[in-house]
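Visitor: I have a model on the screen and some questions about its charged pairs and its internal space. Could you walk me through them?

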Amino acid sequence: MTPNIASGQLVAEIAAVIGDVARANILTALMDGRALTAGELAAHAGVTPQTTSGHLARLAEAGLIAGERQGRHRYVRLASPAVAEAIEALMAVAAAGPVRHRPVGPRDLALRAARSCYDHMAGKLGVGLAEALEARGLVAVADGSGAVTARGRDFFHDHGIAIDGGRGSRPLCRTCLDWSERRHHLAGRLGAALFTHALGQGWVRRAEANRTLTVTPPGRLAFNRVFGVDDAMLVP
């Protein structure tokens with residue numbers, strides 16, 4: 001199937017769908033990569049379940065979310081990594097805008113320290129990991145794109161990090177501008193594989209209600225000793 005031409009009209013239509021506070025909150029809530037129910041998304045959006053249904057229909061029609069049914073429950077997730085990257089880019093633009101005088105709370109600090117960005121790690125942790133891998137010659141980053149070096153492929157293979165799974169059309173390594181650090185973290189199949197490995201090893205834990213990740217004590221040791229992440233990037 002031939003893809004649509006990204007005309008100004010189509011861009012404006014997608015922007016109009018996102019440009020509603022409730023829908024923007026729904027998309028942000030889905031940025032941790034997990035599927036949520038309409039009821040859970042209603043709480044994030046701050047609107048009634050009935051109103052949420054209408055918002056979900058608009059988002060689905062625009063191709064921004066996808067639904068899946070499990071038993072009696074219907075779950076919603078972002079339609080693709082490309083949608084997550086677009087939302088993260090918008091968050092970076094918003095963070096660089098006029099300063100809003102709002103007290104910084106513990107949740108803000110935790111999100112800036114470590115969080116999930118769809119299926120990869122972001123915040124100080126994600127940026128620190130990207131910089132450490134580049135410094136060791138395991139990845140090469142230039143002009144917003146990334147590549148895994150031959151040395152990097154051997155390293156990831158030796159440490160059981162499956163970077164060749166789910167090939168499809170998704171790039172192996174690409175960068176994503178981090179909205180809080182204003183530097184790049186790693187996305188693509190590599191970013192997803194690193195996150196999956198870190199979760200499986202118990203190096204990071206997900207928060208129940210948001211995108212925050214907690215780096216565990218074993219995780220701090222592993223990120224420092226295995227990948228060379230600076231200690232300053234591993235603490236809130």
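**Salt bridges and a cavity**

Guide: Glu88 and Arg211 are both buried. Keep in mind that this is a predicted model.

Visitor: Which residue forms a salt bridge with Glu88?
Guide: Glu88 lies in helix H5, and its partner sits in the loop between strand E10 (204-206) and strand E11 (213-215), so the pair ties together parts that are 123 residues apart in sequence. The closest N and O atoms are 3.8 Å apart, within the 4 Å cut-off. The partner is Arg211.

Visitor: How many residues apart in sequence are Asp178 and Arg115?
Guide: Their side chains meet in a salt bridge, 3.1 Å from N to O. Asp178 is in the loop between E8 and strand E9 (184-187), while Arg115 is in strand E4 (residues 115-117). The pair links distant parts of the chain, and the separation is 63 residues.

Visitor: Is Arg115 buried or exposed?
Guide: Buried means under 20% relative accessible area. Its partner Asp178 has a relative accessible area of 0%. Arg115 has 0% relative accessibility, so Arg115 counts as buried.

Visitor: Which residues are linked with Glu88 in a network of salt bridges?
Guide: Glu88 pairs with Arg211, and Asp178 pairs with Arg115. These pairs belong to one network. Linked with Glu88 are Arg115, Asp178 and Arg211.

Visitor: What does Arg174 pair with in a salt bridge?
Guide: Arg174 lies in strand E8 (residues 174-177) and its partner in helix H5 (residues 81-95), so the pair ties together parts that are 89 residues apart in sequence. Arg174 is partly exposed at 33% relative accessibility, whereas the partner is buried at 15%. The closest N and O atoms are 3.2 Å apart, and the partner is Glu85.

Visitor: How many salt bridges does a search of the whole structure find?
Guide: Side chains of opposite charge can pair when their charged atoms come close. Glu85 with Arg174 is one such pair. The search of the whole structure gives nine.

Visitor: Which element gives the most to the lining of the largest cavity?
Guide: The search finds one cavity of 30 Å³ or more, and the largest holds about 50 Å³ of space. Strand E5 (120-122), helix H7 (123-135), E9 and helix H9 (188-200) each supply at least two lining residues. With three residues, the top contributor is H7.

Visitor: How many charged residues are in the lining of the largest cavity?
Guide: The lining includes His120, Met121, Leu129 and His185. By class, five lining residues are nonpolar and four are polar. The count of charged residues is none.

Definitions and conventions
Residues numbered from 1 in each chain as written. Predicted model: local features only at pLDDT ≥ 70, side-chain atom pairs only at ≥ 80, totals over all residues. Heavy atoms only, no water. Helix = DSSP H or I, 4+ residues; strand = E, 2+ residues; numbered from the N terminus. Buried < 20%, exposed > 50% of the residue type's maximum accessible area, 1.4 Å probe, protein only. 1 Å grid on protein atoms, 1.4 Å probe; cavity = no way out; pocket = protein on both sides within 12 Å on 5 of 7 lines; lining within 4 Å. Points joined across faces, edges and corners; volume = space filled by probe spheres on them. Nonpolar A, V, L, I, M, F, W, Y, C, P; charged D, E, K, R; others polar.
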